[in-house]
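Reader: Hello! I am new to this structure and would like to know how its labels are earned. Could you take me through the reasoning step by step?

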Amino acid sequence: MNLFMGNENPLLINTEDDNQKIALDIFTQDTTKLLERARYETSVSGKTRNGKRKIEQASRIEKIDWQKRCGDIVKDYQKMIMESHNKLSINHQNQQQKEHKKTSHSAQWFFSFQKLLRFRKQHGHCHVPCVYNADPSLARWVKRQRYHYYLYANGKQSPIKCDRIEKLEEIGFIWHAQEALWQDRLNELLSFKKMYGHCVVPTNYPENQTLATWVKFQRRQHKLHEQGRPSYMSAARIAVLEKHGFEWKRNAESKRCLKPQIKRAFAA
């Protein structure tokens with residue numbers, strides 16, 4: 001019994017894949033061995049009285065066993081091909097999902113970056129407050145960039161890359177959270193100055209008690225800096241505050257320059 005007619009494969013299986021080629025080689029080798037064994041059994045001449053009958057009987061048994069074996073080989077091969085195709089299909093889908101996720105993440109990053117650029121255009125800086133009710137998602141994104149940069153700077157795995165770091169630094173992005181917080185308070189102080197014409201924030205200022213506490217803290221840190229003791233104050237910060245008319249010591253003249261509504265808050 002011949003399974004092949006000419007050079008055609010009756011299973012019509014694509015052998016371009018390496019796994020399919022290996023499986024086809026195994027199938028061909030096993031089939032060839034079975035054919036050779038069948039021919040050998042049928043060519044043996046009987047040396048006893050019932051030799052011919054025994055050979056015919058053995059040939060029929062061998063033929064049935066050979067056909068069954070070939071059928072099993074074909075079924076196993078087809079099963080292996082189906083599993084291979086399914087595995088390739090799953091791998092292809094996973095690869096597509098990864099590429100889509102990567103593209104989606106990149107698009108989302110640039111979308112948030114554009115929002116940061118609009119914030120900078122509106123406010124003149126890119127120090128988004130930690131609590132930013134106008135766009136909480138932008139505040140969370142800024143916080144994430146700082147954390148990713150922290151991982152990157154410490155040699156740990158991080159999604160932020162050099163090109164993104166450069167883009168953020170070009171617009172004056174501050175990586176350190178403490179420095180960013182200091183800038184937030186400075187911006188609040190400038191808003192106070194724009195409203196009242198000076199930087200003398202009362203100790204008790206109900207509208208923004210956090211700012212009042214921060215101003216008091218700056219004065220204390222400046223005093224430590226002047227004494228040569230450890231301090232968060234630096235020459236650069238001193239220059240920035242003095243540029244905007246910050247007073248390091250409160251006195252009677254400073255209190256008199258407060259507007260009536262601020263006086264009431266100061267006296268409370």
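Author: Happily! Let's begin with a naming rule: helices here are DSSP runs of H or I with at least four residues, numbered from the N terminus. Just after the helix called α6, G228 takes a positive phi of about 75°. Please keep in mind that this is a predicted model.

Reader: What makes up the protein chain, helices or strands?

Author: The chain has nine helices and zero strands. Of its 268 residues, 31% count as buried.

Reader: How do you know that α6 reaches about as far as expected?

Author: Helix α6 covers residues 209-226, which is 18 residues. The expected span is 1.5 Å times one less than the number of residues. From first C-alpha to last, α6 reaches 26 Å, close to the 26 Å expected. Its buried residues include L211, W214 and L224, and α5 (177-196) and α7 (235-243) are among the elements that cover the buried residues of α6.

Reader: Why is the pair of F192 and Y205 called edge-to-face?

Author: Planes over 60 degrees apart earn that name. The planes of F192 and Y205 stand at 90°, with ring centres 5.3 Å apart, so the pair is edge-to-face. It links distant parts of the chain: F192 sits in helix α5 and Y205 in the loop between α5 and α6, 13 residues apart. Both F192 and Y205 are buried.

Reader: And why is the pair of F217 and Y232 called tilted?

Author: Under 30 degrees would be stacked and over 60 edge-to-face, with the rest tilted. F217 and Y232 have planes at 40° and centres 6.3 Å apart, so their pair is tilted. F217 belongs to helix α6 and Y232 to the loop between α6 and α7, so parts 15 residues apart in sequence are tied together.

Reader: Are F217 and Y232 buried, partly exposed or exposed, and what makes them so?

Author: Exposed means over 50% relative accessible area, buried under 20%, and partly exposed in between. At 28%, F217 is partly exposed. At 57%, Y232 is exposed.

Reader: What makes E179 and R237 a salt bridge?

Author: The test asks for a side-chain nitrogen of Lys or Arg within 4 Å of a carboxyl oxygen of Asp or Glu. For E179 and R237 the closest N and O atoms are 2.8 Å apart, and they form a salt bridge. E179 lies in helix α5 and R237 in helix α7, so the bridge ties together parts 58 residues apart in sequence. R237, at 14% relative accessibility, counts as buried, while E179, at 27%, is partly exposed.

Reader: Which other side chains meet in a salt bridge?

Author: K115 and D135 do, at 3.2 Å from N to O, and both of these residues are buried. R185 and E188 form another, with their closest N and O atoms 3.2 Å apart. R185 and E188 are three residues apart in helix α5, or about one helical turn.

Reader: Why does D184 have no salt bridge?

Author: A salt bridge needs a distance within 4 Å. The nearest side chain of opposite charge, R185, is 5.3 Å from D184, so the buried D184 goes without one. D184 lies in helix α5. Leaving aside residues up to four places away in sequence, it touches H127, V128, P129 and C130.

Terms used. Residues are numbered from 1 along each chain as its sequence is written. This is a predicted model: local features need pLDDT of at least 70, side-chain atom pairs count only at pLDDT 80 or more; totals for chains, interfaces and linings use all residues. Side-chain values use heavy atoms; hydrogens and water are left out. Helices (H or I, at least four residues) and strands (E, at least two) are DSSP runs, numbered from the N terminus. Buried means under 20% relative accessible area, exposed over 50%, partly exposed in between (1.4 Å probe, protein chains only). Contact means heavy atoms within 4.5 Å. Rings of Phe, Tyr and Trp (its six-membered ring) pair if their centres lie within 6.5 Å; planes under 30 degrees apart count as stacked, over 60 as edge-to-face and the rest as tilted. Lys and Arg count as positive and Asp and Glu as negative; His and the chain ends are not counted.
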